[in-house]
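Work through the exercises below with the coordinates open beside the text, and attempt each task before reading its solution.

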Amino acid sequence: MYKHRLVTIVAWLCFAFIFLPLILIVVTSFNSADSISLPLEGFSLQWFVKVFRSRSLVQSLKNSLVLALVSSTIGIVFGLLSSIALVKRPGKISTILLSIFLSPSLIPGIVIGYVLFHFLVVSLQLPLNLALILGHLLVVMPYSVRIICASLKDIDESLEEAALTLGCPPSRAFMKVVLPNLRPAMISAFMLSFINSFNNIPVSMYLKGPGMNTLPYAMMNHIEYNYDPTVSALSVMLMGLTLVLMIAMDWSMSAQRLKSKAAQGE
Amino acid sequence: MSYGELRHINVSYDKKNFVLQDLSLDIHEGELLSLLGPSGCGKTTTLRVIAGLIDPVGGTFELDGTDMTHVQVHKRNFGMVFQSYALFPHLTVFDNIAFGLKLRNVEEAAIRKQVGKIMEICGIEGFEKRFPKQLSGGQRQRVALARALVIEPKLLLLDEPLSNLDAQLRLQMRTSIKRIQQELGISSVFVTHDQEECFSISDQVAIMQNGKIEQCDSPEQIYSHPASEMVARFVGFRNFFTVEQAVGLHIVAGNFDKMATMMCIRPEDIVLGDKTFSVSMPGTVEVRTYLGKAYQYEVKTPLGMVTVASSEDTVYAVGATVGLGFPREKLVFLN
């Protein structure tokens, strides 16, 4: 294979650019110095303890988790229903509707946040928590629709017909033979939605009420006033959580494969 | 009376163009009926009407004396094998086959017994715990067949079941399907566009074109006595001429059906000799192609271009003058 030294160097530079900051954060989170700095002074877990002592961080973490969970769950349900409609009735209108469903991922979040603030909060006078959930729903819907639509298109249309000919009433055919095959798509759609809602700053910034904070926003606030490694420690915990989730997802996806491998081995 | 009767079936999606037009068809008990025709001729549509997956805009479908025209798909109890097999990817082979029985609330032990029996008949014992993804094309086919048969259907419907298999497997599978169909004595409707496949396994063949049935007969009858030019072309006749031309050139004398306007003959039924050949028509070889077991000649004659296939030892060069003989018993007259 053709290999050029320059290519190797660029590859390593990219690699370093991605991972050095992460490594730095991990290392400084265990440092006993009370600012994010090098060289290291000593090993300490005090910043991890401090994360849980900070009421604003803990509360905003809870807020963010609940928000991400609720908006992703609703997003999956709506995403599934809209995907069914879009895939089963193909045509010009469906194509246009699909672009509309996907459009929030193309519009800058800051615009969505501002517009929703005016529409939901100022004009309609909706309670802020509801507005926040609706805003996040808009952010996560494109992921559900895109992933579930793609997967649904791949599923053989005759599956439902086969179920019908075997005596399955039409109302149950979808649940029995199509939905189980959408599970992997729904899991990945949920994960992507969750992460995107959890990360979101611009929409939350406009729609969160006074005294209510989401985690990314609280972290920014924290750094503004204290440049200590508490946020590093929190970041390390979030990275760990993400890693665990990814491994869990990978494992649940390959569980089916393992099961079938075992059957093949018999 | 036939077991199943389709009468004056019309299918149209826009009320202007008819996919099926005034189609009538008989299904005989215990027999395998094939629907044969080029793509777009309406054969799959006909099958889907029988299955109940398409509602005809007019006409009736009776089975065993019961009107089935408006019975819903899931209440018909017909087994159907789809072109894509449509096996449920998330279920094992056992659960795929047991699907229909579970819906009928059959007891666990009875399910195991019936599934086991049908798997043996279809030759897929030992694959119970596999998922469809881990099976070869032929095995999937057998699972699809087993799943359709285990519910003891009143009718077995097969939609081009062999089209996704390679040539060798097709031959093997079509024999299997025929054997199983005969063993269970189940009335079946088989859709295909492959003439050889169709003729080899069918008791009755319905040849379709443009949403109509051109001819419905036994394979032998269709092969030797096609009823129309379309059917004749479909079963391998290449040479067509008007009766007027043939009489004028003394190919036939006056002893034939006076209604006939056209006649045809297969390339391999024409006798080829050199120019001294008596009772013949002269011609010049224009194109010669080698087919393996025979040479095929395009011969220019007073009748126009005639296609002849000859497996005799004498080989004629392009430009050679030859004599063509048309055996009376091989000529087919069309109205």
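The exercises that follow concern a predicted model, and each task is followed by a worked solution.

**Exercise 1. Describe the secondary structure of chain A, and decide whether chain A is spread out or a compact globule.**

Begin with the inventory, in which chain A shows eleven helices and zero strands, so that from the N terminus on the order of elements reads α-α-α-α-α-α-α-α-α-α-α. Next, compare the radius of gyration of chain A, 23 Å, with the 18 Å that the globule rule gives for 266 residues; because the value is well over the rule, chain A is more spread out than a compact globule. The box filled by its C-alpha atoms, taken along the principal axes, is roughly 75 × 60 × 40 Å. Finally, buried residues account for 31% of the 266 residues in chain A, and of the contacts in chain A between residues at least 6 apart in sequence, 75% join residues at least 24 apart.

**Exercise 2. Characterise the contact between the two chains, giving particular attention to the side contributed by chain B.**

Count the residues on each side, which gives 23 residues from chain B and 18 residues from chain A. Then assign the chain B side to its elements: β6 (79-81) and α2 (93-103) of chain B are those that give two or more residues, and α2(B) gives the most, with three residues. Sorted by character, the chain B side comprises 13 nonpolar, seven polar and three charged residues.

**Exercise 3. Determine how chain B is divided into domains, and how the domains relate to the largest nonpolar core.**

The division is into domain 1 (4-231) and domain 2 (237-334), whose centres, taken over C-alpha atoms, are separated by 40 Å. Across the boundary, four residues of domain 1 of chain B are in contact with five residues of domain 2 of chain B, and the domain 1 side divides into one nonpolar, two polar and one charged residue.

Turn now to the largest nonpolar core, which has 96 residues, with I97(B), L145(B), A146(B) and A206(B) among those that have the most contacts inside it. Helix α4 (residues 137-149) of chain B supplies the largest share, six residues, while each of the two domains of chain B provides at least three residues. Another core lies apart from it and has 30 residues, including V140(A), M141(A), I148(A) and F190(A).

**Exercise 4. Is E160(B) buried or exposed, and which residues does it touch?**

Locate E160(B) in the loop between β7 (156-159) and α5 (167-184) of chain B. The burial criterion asks for 20 or more other C-beta atoms within 10 Å; E160(B) has 21 of them, and is therefore buried. Leaving aside residues up to four places away in sequence, E160(B) touches Q83(B), V191(B) and T192(B).

**Exercise 5. Trace the strand pairing that involves β14, β15 and β16 of chain B.**

Strand β14 (residues 281-290) runs antiparallel to strand β15 (residues 295-301) in chain B, and six bridges join them, with Y290(B) having Y295(B) as its bridge partner. The hairpin of β14(B) and β15(B) has four residues between the strands, and G292(B) in this hairpin takes a positive phi near 100°. Continuing along the chain, β15(B) pairs with strand β16 (residues 304-310) of chain B in the antiparallel sense over seven bridges, and V299(B) stands opposite V306(B). The hairpin formed by β15(B) and β16(B) has two residues between the strands.

Definitions and conventions. Residues numbered from 1 in each chain as written. Chains lettered and ligands numbered in written order. Predicted model: local features only at pLDDT ≥ 70, side-chain atom pairs only at ≥ 80, totals over all residues. Contact = placed C-beta atoms within 7 Å. Nonpolar A, V, L, I, M, F, W, Y, C, P; charged D, E, K, R; others polar. Domains from an automatic or database assignment. Rg over C-alpha atoms; globule rule 2.2 N^0.38 Å. Buried ≥ 20, exposed ≤ 12 C-beta atoms within 10 Å, placed from the backbone. Core = buried A, V, L, I, M, F, W, Y, C linked by C-beta atoms within 7 Å. Pairing = 2+ DSSP bridges.
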